[in-house]
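This briefing goes through one model by topic. Keep the sequence and the coordinates open while reading.

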Amino acid sequence: MFHALLLSFGQLGDPAIRRVLARSLALTLAIFAALGAAIWWGLDGALAGWRYHGMLAGAAATLATLLALWLLFRAVAVLVVGLFADDVVAAVERRHYPEALASARALPLHRSMQMGLGSATRFLLFNLVMAPVYIALLVTGIGTAAAFFVVNAWLLGRDLSDMVASRHLPRAAMRDWRKSNGGQRFVLGLAGTGLFVVPLVNLLAPVLGAAMATHLFHRTRP
């Protein structure tokens, strides 16, 4: 996995990957900016009778947007990069696995959107279900962070792997591939989740994760 990470960092200068990085970051930040604007608009109307309502609404909207960035950046970023994942995977395959690229199937936009929405939905649902566990583990000091890390590593490993496998395997074969490579996908998820918690590097995490998943798939595919 470390080698896959080094290869992925080394390909960040690839024009195709730079384009995906720029588009995905712009769209991700635009989503959060739109969320912040919607929160401000709603609060500004709700507090219209209050003195300094505009200032209060602005402060509350800023805090809410920052909280959303902290809690939901991973879900939104993976959803967005999923729309462009084909370009990242194809760039890695073009450089390292040209024979696989020749037989790959480009994903239609609706399939990419379906996978991205599925990823975001799983992230929200699983973490909502786990919320009582996270709260109960607060007394341990590190238990909440560890549980959150493990749960989201498992989810992210599946999401990133599916971005690549869906270009080469039918859905039935993907299910079998998931079962046979669960451990390696989890390690991929741990690496990707680790990237998401490093400031600034987290901006690159979705693209790096997709590139690492490409290396993992082709090095473990029978």
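T140 sits in the loop that runs between α5 and α6. The model is a predicted one. T140 is partly exposed, at a relative accessible area of 46%. A polar atom of the T140 side chain lies 2.7 Å from the backbone nitrogen of G143. From T140 to M212 the C-alpha separation is 33 Å, with the two positions 72 residues apart along the chain.

**Overall architecture**

- The chain has nine helices and zero strands, and its pattern along the sequence reads α-α-α-α-α-α-α-α-α.
- Along the principal axes, the C-alpha atoms fill a box of roughly 65 × 40 × 30 Å.
- Of the 222 residues in the chain, 45% are buried.
- When contacts between residues at least 6 apart in sequence are considered, 78% of them join residues at least 24 apart.

**Confidence**

- The average pLDDT of the chain is 86, and 99% of the residues score at least 70.
- Among the elements of the chain, helix α9 (residues 201–220) has the highest mean pLDDT, 90, and α7 the lowest, 76.
- Where pLDDT is low, predicted coordinates should not be read in detail.

**Helix α2**

- Helix α2 covers residues 15–46, and its 32 residues should span 46 Å at 1.5 Å a residue.
- The end C-alpha atoms of α2 are 46 Å apart, so the expected span and the model agree.
- At the start of α2, the backbone nitrogen of A16 has a side-chain oxygen of D14 within 2.9 Å.
- The buried residues in α2 are A16, I17, V20, L21, S24, T28, F32, G36 and D44.
- An α-helix has 3.6 residues a turn, so residues three or four places apart point the same way.
- D44, one of the buried residues of α2, is 8.0 Å from G58, C-alpha to C-alpha, and the two are 14 residues apart in sequence.
- G58 belongs to helix α3 and is partly exposed, because its relative accessible area of 21% is not under the 20% cut-off for buried.

**Helix α5**

- Helix α5 covers residues 109–136; at 1.5 Å a residue its 28 residues should span 40 Å.
- The end C-alpha atoms of α5 are 41 Å apart, which agrees with that expectation.
- What happens to the direction of α5 at M130? The helix bends there by about 45 degrees, and a proline, P132, follows within four residues.
- Buried in α5 are R111, S112, M115, G116, S119, A120, F123, N127 and Y134.

**Aromatic pairs**

- Three aromatic pairs are present in the structure.
- One of them is formed by F73 and F196, with 6.2 Å centre to centre and 70 degrees between the planes, an edge-to-face arrangement.
- This pair links distant parts of the chain: F73 is in helix α3 (residues 53–96) and F196 is in helix α8 (residues 182–196), 123 residues apart.
- F73 has a relative accessible area of 9% and therefore counts as buried.
- F196 has a relative accessible area of 12%, and it is buried as well.

**R167 and its surroundings**

- R167 is placed in the loop between α6 (143–165) and α7 (171–180).
- Is R167 buried or exposed? Its relative accessibility is 3%, so R167 counts as buried.
- The side chain of R167 makes a polar contact of 2.8 Å with the side chain of E93.
- Leaving out residues up to four places away in sequence, R167 touches D86, V89, A90, E93, L101, A104, R105, A106 and L107.

**L200, a loop residue with positive phi**

- L200 is in the loop between α8 and α9.
- The phi of L200 is positive, about 75 degrees, although L200 is not a glycine.
- With a relative accessible area of 67%, L200 is exposed, because the value is over the 50% cut-off.

Methods:
Residues numbered from 1 in each chain as written. Predicted model: local features only at pLDDT ≥ 70, side-chain atom pairs only at ≥ 80, totals over all residues. Heavy atoms only, no water. Helix = DSSP H or I, 4+ residues; strand = E, 2+ residues; numbered from the N terminus. Buried < 20%, exposed > 50% of the residue type's maximum accessible area, 1.4 Å probe, protein only. Polar contact = N/O pair within 3.5 Å; in protein donor to acceptor, adjacent residues only side chain to side chain. Contact = heavy atoms within 4.5 Å. pLDDT = per-residue confidence, 0-100. Phe/Tyr/Trp six-rings, centres within 6.5 Å; stacked < 30°, edge-to-face > 60°. Expected span 1.5 Å × (residues − 1). Bend = angle between axes of the 7 residues up to and from the residue.
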